Amino acid sequence: MGRNTPGLRPQHLTGIQLIVDVCNGTLLGGVVGSTEIYFIPKSNVGGKFVGDTHTAGSVCLMIQTALPCILFAHKESQLTLIGGTDAEMAPPIGYVQQILKPILCQFGVQFQCDVIK
């Protein structure tokens, strides 16, 4: 069972924009409501990035979107994500902190996940 409204929501678009920034890429069709986008990556630069949905959209979805690209960046990276931590139809922040992080640590992935209210 999917969402009632098809297409990208703000948190999806913010996650995609994070990847565009990390990969120094280009995004076509990247607007809320889009059902089709084109992403052209260049080089995975890494660095400091901010993702803000301007809604209570899920930061966990943004983490799931951006983390694989961040892991292969050419330098250490930092994400500052602004949005909801326990959004409907998305994993809660506790999942990232208590499940995802320990599993990824077993594969040598180190990251810090702080929640600031």
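This section describes helix α3, the nonpolar cores, the ring contacts and two backbone positions of a predicted model.

Helix α3 comprises 13 residues, spanning residues 93-105. The distance from its first C-alpha to its last is 17 Å, close to the 18 Å expected at 1.5 Å a residue. The helix carries a kink of about 30° at I99, and the proline P102 follows shortly after this position. Four residues of α3 are buried, namely I93, V96, L100 and L104. The packing partner of these buried residues is helix α2, which covers residues 59-71.

The largest nonpolar core of the model contains 20 residues. Within this core, the residues with the most contacts are V22, L67, I93, V96, L104 and F111. Three helices, α1 (10-22), α2 and α3, each contribute at least two residues to this core. The largest share comes from α2, which provides eight residues. One of the residues with the most contacts inside the core, L67, touches L100, L104 and F111 when its neighbours within four places in sequence are left aside. Of these partners, L100 and L104 are buried residues of α3. A second core, separate from the one just described, consists of five residues, among them L13, I16, V20 and L27.

The ring of F111 also takes part in an interaction with a charged group: the charged end of K101 sits over this ring, at 6.0 Å from its centre. Aromatic pairs, by contrast, are absent, as a search of the whole structure returns zero.

Two residues other than glycine were found with positive phi values, and their surroundings are considered in turn. As a general rule, most residues other than glycine have a negative phi. In N24, phi is positive and near 50°. This residue is located in the loop that connects α1 with β1 (26-28). N24 has a relative accessible area of 42% and is therefore classed as partly exposed, a category that lies between the buried limit of 20% and the exposed limit of 50%. In M89, phi is likewise positive, with a value near 65°. The loop between β4 (78-82) and α3 holds M89. The relative accessibility of M89 is 54%, so this residue counts as exposed, the threshold for which is over 50%.

Notes
Residues are numbered from 1 along each chain as its sequence is written. This is a predicted model: local features need pLDDT of at least 70, side-chain atom pairs count only at pLDDT 80 or more; totals for chains, interfaces and linings use all residues. Side-chain values use heavy atoms; hydrogens and water are left out. Rings of Phe, Tyr and Trp (its six-membered ring) pair if their centres lie within 6.5 Å; planes under 30 degrees apart count as stacked, over 60 as edge-to-face and the rest as tilted. A charge sits over a ring if NZ of Lys or CZ of Arg is within 6 Å of the ring centre and within 35 degrees of the ring normal. The expected span of a helix is 1.5 Å times one less than its number of residues. The bend at a residue is the angle between axes fitted to the seven residues ending there and the seven starting there. Buried means under 20% relative accessible area, exposed over 50%, partly exposed in between (1.4 Å probe, protein chains only). Contact means heavy atoms within 4.5 Å. A nonpolar core is a set of buried Ala, Val, Leu, Ile, Met, Phe, Trp, Tyr and Cys residues joined through side-chain atoms within 4.5 Å.
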